[in-house]
Amino acid sequence: MNRELHIVSTGRQPIPEMIGIAKEIHPYIDAFHIREKQKTARELMEIVNQLKAEGVPLDKILINDRLDVGAVTKVKGVQLANHSLDIAVVKDVFPGLRLGCSVHTVEEAIYASECGADYVIYGHIFHSQSKPDKEPRGLEKLKELTMNVKIPVIAIGGIQLENVEQVLEAGAQGIAVLSGVMLVNDPVQAVKKYTAKLRLRESPLSK
């Protein structure tokens, strides 16, 4: 299987800036997450429309939490949070959406897997700019989780180029990055470097 590179919006950038970055990086990534918690459904729909107008494929766009927007805009999928609707119900009603779940424990990951999630995002693995006051969960817990679920695990939180290999060795099928791409001077070069790291670690069976 290909190692996946997910890029997540920061929720604090001007929308035109975020759209501009997504336009430039989408050829080199597997998924772009719209994670804009303060935006209304109407505003999120407009963001999707602008991304589409700029050439970002709908099948690379994932929306955080908002099933209504995901279904109406026909994007690839929705990333569910702890407060979202139960994954089993969502999968039954929206079988065509790729559904991810944000999890923080092995038990949550197993439940998501058993209920039909297509993947889980687990973190934060290392110290993260977005969660400076919270202790990271670390590589050992990531390894424990990947050994107990059968669906892809995407690791998130403080993932830099120098620790990508450690994350993959712990069993992650991919990585999710925020500031390491969205807040750097050259996002395109950043994603290319992350992609190179991921491709080097792909299984020979995936080629």
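A pocket here is an open set of grid points with protein on both sides within 12 Å along at least five of seven lines, and its lining residues have an atom within 4 Å of a point. Keep that in mind as we walk through this predicted model.

**Stop 1: the barrel**

Start with the strands. Select β1 through β8 and you have a closed barrel of 8 strands, running β1-β2-β3-β4-β5-β6-β7-β8 with parallel pairing. Neighbouring strands of this sheet are turned by 25 degrees against each other on average, direction ignored.

Now go to the place where β1 meets β8. Strand β1 (residues 4-8) and strand β8 (residues 174-177) run parallel and are joined by 4 bridges. For a landmark here, pick His6: across from His6, in β8, stands Ala176.

**Stop 2: the second largest pocket**

Next, select Ala81, Asn82, Ile87, Cys101 and Tyr111. Of the 13 residues that line the second largest pocket, these five lie nearest its centre. Colour β5 (98-103) and α5 (106-114) as well, since they are the elements that give two or more residues to this lining. The space in the second largest pocket comes to about 180 Å³. If you colour its lining by class, you will find 8 nonpolar, 3 polar and 2 charged residues.

**Stop 3: two cysteines**

Stay with Cys101, one of the residues nearest the pocket centre, and add Cys115 to your selection. How far is the sulfur of Cys115 from the closest cysteine sulfur? The distance is 8.3 Å, to the sulfur of Cys101. A disulfide needs the two sulfur atoms within 2.5 Å, so this pair is too far apart for a bond. Cys101 is accordingly in no disulfide, and a search of the whole structure finds 0 of them.

Try a surface display next. Are these two cysteines buried or exposed? The cut-off for buried is under 20% relative accessible area. Cys101 has 8% relative accessibility, so it counts as buried. Cys115, at 18%, counts as buried too.

**Stop 4: a loop residue**

Finish at Glu135, which you will find in the loop between β6 (119-123) and α6 (138-146). Exposed means over 50% relative accessible area, and Glu135 counts as exposed because its relative accessibility is 63%. With Glu135 still selected, add His124. In sequence, Glu135 and His124 are 11 residues apart, while in space their C-alpha atoms are 8.3 Å apart.

Notes. Residues numbered from 1 in each chain as written. Predicted model: local features only at pLDDT ≥ 70, side-chain atom pairs only at ≥ 80, totals over all residues. Heavy atoms only, no water. 1 Å grid on protein atoms, 1.4 Å probe; cavity = no way out; pocket = protein on both sides within 12 Å on 5 of 7 lines; lining within 4 Å. Points joined across faces, edges and corners; volume = space filled by probe spheres on them. Nonpolar A, V, L, I, M, F, W, Y, C, P; charged D, E, K, R; others polar. Buried < 20%, exposed > 50% of the residue type's maximum accessible area, 1.4 Å probe, protein only. Pairing = 2+ DSSP bridges. Axes fitted to C-alpha atoms, helices over the stretch in contact; angles between N-to-C directions.
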